[in-house]
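Work through the exercises below with the sequence and the structure at hand. Try each task before reading its solution.

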Amino acid sequence: MCGIVGYIGNVDAKEILLKGLEKLEYRGYDSAGIAVQTGNEISVFKEKGRIADLRAAVDSSVTANTGIGHTRWATHGVPSQENAHPHQSTSGRFTLVHNGVIENYDIIKREALQGVNFVSETDTEVIVQLIEKYVNEGQDVETAFRSMLKKLEGSYALALLDKENDETIFVAKNKSPLLVGLGEDFNVVASDAMAMLQVTDQYVELMDKEIVIVTKENVTIQTLNGETVERAPYTAEIDASDIEKGTYAHYMLKEIDEQPLVMRKIMQAYQNDAGTLTIDNDIVNAIDAADRLYIVACGTSYHAGLVGKQLIENMAKKPVEVHVASEFNYNMPLLSEKPLFIFISQSGETADSRACLVQVKEKGHKALTITNVAGSTLSREADYTLLLHAGPEIAVASTKAYTAQIAVLAILANVTAEKRGYNQSFDLAQELGIVANAIEALCDDKEEFEAIAREYLSTTRNAFFIGRAVDNYVGLEGALKLKEISYIQAEGFAGGELKHGTIALIEDGTPVIAIATQEKVNLSIRGNVKEVVARGANPCIISMKGLDTDEDRYVVPEVHPYFTPLVSVVPTQLIAYYAALHRDCDVDKPRNLAKSVTVE
Ligand code: M6R
């Protein structure tokens with residue numbers, strides 16, 4: 001979703017801002033802009049479309065040592081040059097970039113900004129106009145900035161330039177992510193450390209409702225009421241090569257291929273000196289003390305949560321509910337007496353999940369976040385964190401984070417089971433090693449998945465995924481992956497459920513991808529395949545060695561039945577990837593989507 005960068009220092013800011021915005025492209029956007037300042041001249045460049053379009057529009061003869069930049073994912077107003085950020089106040093004195101949603105922007109417009117001529121449809125423009133109004137009424141800029149923030153309701157990360165002061169960027173955040181990066185004789189602002197790794201790996205986290213005065217020598221953090229806050233920087237431990245595509249055509253393919261390595265990294269990270277997979281005692285005790293676990297997540301992370309429920313219930317015999325965050329937030333179920341909440345989020349920034357976490361904490365409950373991003377909002381605000389160790393995931397379509405989430409949930413389930421006296425008949429480290437090898441074999445078989453995608457999905461309008469038990473959950477994930485990057489209307493269903501309505505959509509040649517890795521439902525899912533074939537469907541059965549038959553299109557290597565989702569999801573990821581390629585779609589940056597969904 002929207003991304004912010006800012007630079008104040010001694011060198012030309014344009015290239016640093018543009019490169020920073022390129023690093024934020026993965027978050028999803030539909031327009032972009034920068035504003036650069038020299039003395040009391042501010043030049044704004046903004047374009048609908050890609051950063052490459054913005055780059056082409058920037059006047060290379062303008063040089064400036066201060067600037068802010070933005071990628072916009074449209075919420076209020078269509079993607080257009082007028083609605084792109086930065087936005088300026090009527091006099092042109094103030095220039096602002098904003099990430100988030102101002103919920104009361106309409107009220108502010110009506111009650112405080114009558115007569116102001118707005119040039120965009122955005123909620124953002126009220127912010128910059130409000131500052132100008134307060135300054136015109138006699139407040140100094142810092143006071144006006146504070147007064148403006150006190151008026152805002154909703155989420156924001158923002159950076160402001162003042163034409164009459166080329167030595168400061170004014171920064172603030174609430175609910176939306178924002179960091180300040182530190183350098184020698186320069187400082188930067190970024191939604192994500194990745195954007196500014198080109199110039200620094202030292203970052204300071206910002207908390208909600210803090211304001212920051214950034215100059216090239218100093219970063220002063222204050223509360224909204226003006227109290228100074230001291231906070232030490234941390235080192236962003238991201239390898240610059242992790243965020244490059246290398247020889248891959250797309251991040252998505254690179255990230256699919258990284259999955260065996262991620263499995264092994266997770267095992268290393270969670271091994272104790274004796275080589276046993278382990279989890280922090282406080283977390284295991286908290287889970288053990290709870291009478292019910294509530295997993296809350298969105299999208300792919302929600303699908304990983306469904307698999308996690310199976311693992312925890314099967315192994316640790318602890319009841320688990322799984323909820324979509326955007327629903328849970330407004331329609332919370334009746335909670336058990338001693339609940340514990342598990343938030344699963346690759347980015348750790350998803351606004352829907354964060355809103356639930358805030359509610360859960362207000363009710364005094366404990367929460368664990370499972371995330372790929374150390375220091376992310378969901379990690380900071382939960383009581384406990386388990387990291388995924390998957391490395392940055394750049395493609396909008398989540399792949400390695402999904403398998404990493406399931407692997408970490410498997411370790412959590414296993415350690416909790418041991419604590420509760422339910423010992424398993426297998427060694428988890430060994431089983432995850434088998435899983436890693438199986439994923440590797442699948443990644444080596446890409447031609448097959450390319451052929452399946454061509455055969456079944458290159459021209460179809462729709463496709464169905466069916467499965468039973470845990471295979472149903474993999475089907476849901478397979479359908480999400482396919483629809484989000486290839487725009488084929490794809491739906492996942494429990495195998496037995498199609499005949500209760502959806503089977504009406506089956507026509508001659510409709511692709512039905514059936515996952516069959518579970519012995520207990522092997523015959524019944526094959527029965528469901530027969531039902532759709534009888535109505536003309538083109539079936540593609542993905543089964544597991546040992547359960548396979550001659551009718552199967554692809555057979556994945558055998559792994560323990562608890563861990564089949566880690567393996568059977570890989571064909572669905574690769575099929576989705578190749579289907580999107582065949583249909584000429586932008587694989588890494590699908591239309592309308594954002595990597596980090598920071599608005600509710
Ligand atoms: O960062 P999160 O895991 O919280 O993100 C949740 C979803 O937005 C995300 O999984 C989304 O569904 C992916 N684009 C799916 O590939």
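**Exercise 1.** Find the glycine that follows helix H14 and give the sign of its phi.

Solution. The model is predicted. Go to the end of H14: the glycine that follows is Gly 421. Its phi is positive, near 80 degrees.

**Exercise 2.** Check whether the end-to-end distance of helix H14 agrees or disagrees with 1.5 Å a residue.

Solution. Step one: H14 covers residues 400-419, which is 20 residues. Step two: the expected span is 1.5 Å times one less than the number of residues, and for H14 this gives 28 Å. Step three: the end C-alpha atoms of H14 are 29 Å apart, which agrees.

**Exercise 3.** Decide how far H14 is enclosed by the rest of the structure.

Solution. A residue counts as buried under 20% relative accessible area. In H14, 18 of the 20 residues are buried, so the helix is largely enclosed by the rest of the structure.

**Exercise 4.** Lys 400 forms a salt bridge with Glu 258; state where each residue lies and whether it is buried or exposed.

Solution. Side chains of opposite charge can pair when their charged atoms come close. The cut-off for a salt bridge is 4 Å between nitrogen and oxygen, and for Lys 400 and Glu 258 the N to O distance is 2.6 Å. Lys 400 belongs to helix H14, while Glu 258 sits in the loop between helix H7 (251-257) and helix H8 (259-269). The two are 142 residues apart, so the pair links distant parts of the chain. Lys 400 has 2% relative accessibility and counts as buried. Glu 258, at 18%, is buried as well.

**Exercise 5.** Treat the salt bridge between Glu 164 and Arg 93 in the same way.

Solution. Here the N to O distance is 3.4 Å. Glu 164 is in the loop between strands S7 (156-162) and S8 (165-174), and Arg 93 is in the loop between strands S5 (87-88) and S6 (94-99). They are 71 residues apart and link distant parts of the chain. Glu 164 is exposed, with a relative accessible area of 60%, whereas Arg 93 is buried at 18%.

**Exercise 6.** Describe how Lys 481 and Glu 477 are placed in helix H17.

Solution. Both belong to H17 (residues 470-486) and are 4 residues apart, which means a separation of about one helical turn. Their closest N and O atoms are 2.8 Å apart, in a salt bridge. Lys 481 and Glu 477 are both buried.

**Exercise 7.** Which residues are joined into one network by salt bridges that share partners?

Solution. The network consists of Lys 173, Asp 208, Arg 354 and Glu 381. The count of salt bridges comes to 33.

How values were computed
Residues are numbered from 1 along each chain as its sequence is written. This is a predicted model: local features need pLDDT of at least 70, side-chain atom pairs count only at pLDDT 80 or more; totals for chains, interfaces and linings use all residues. Side-chain values use heavy atoms; hydrogens and water are left out. Buried means under 20% relative accessible area, exposed over 50%, partly exposed in between (1.4 Å probe, protein chains only). A salt bridge is a side-chain nitrogen of Lys or Arg within 4 Å of a carboxyl oxygen of Asp or Glu.
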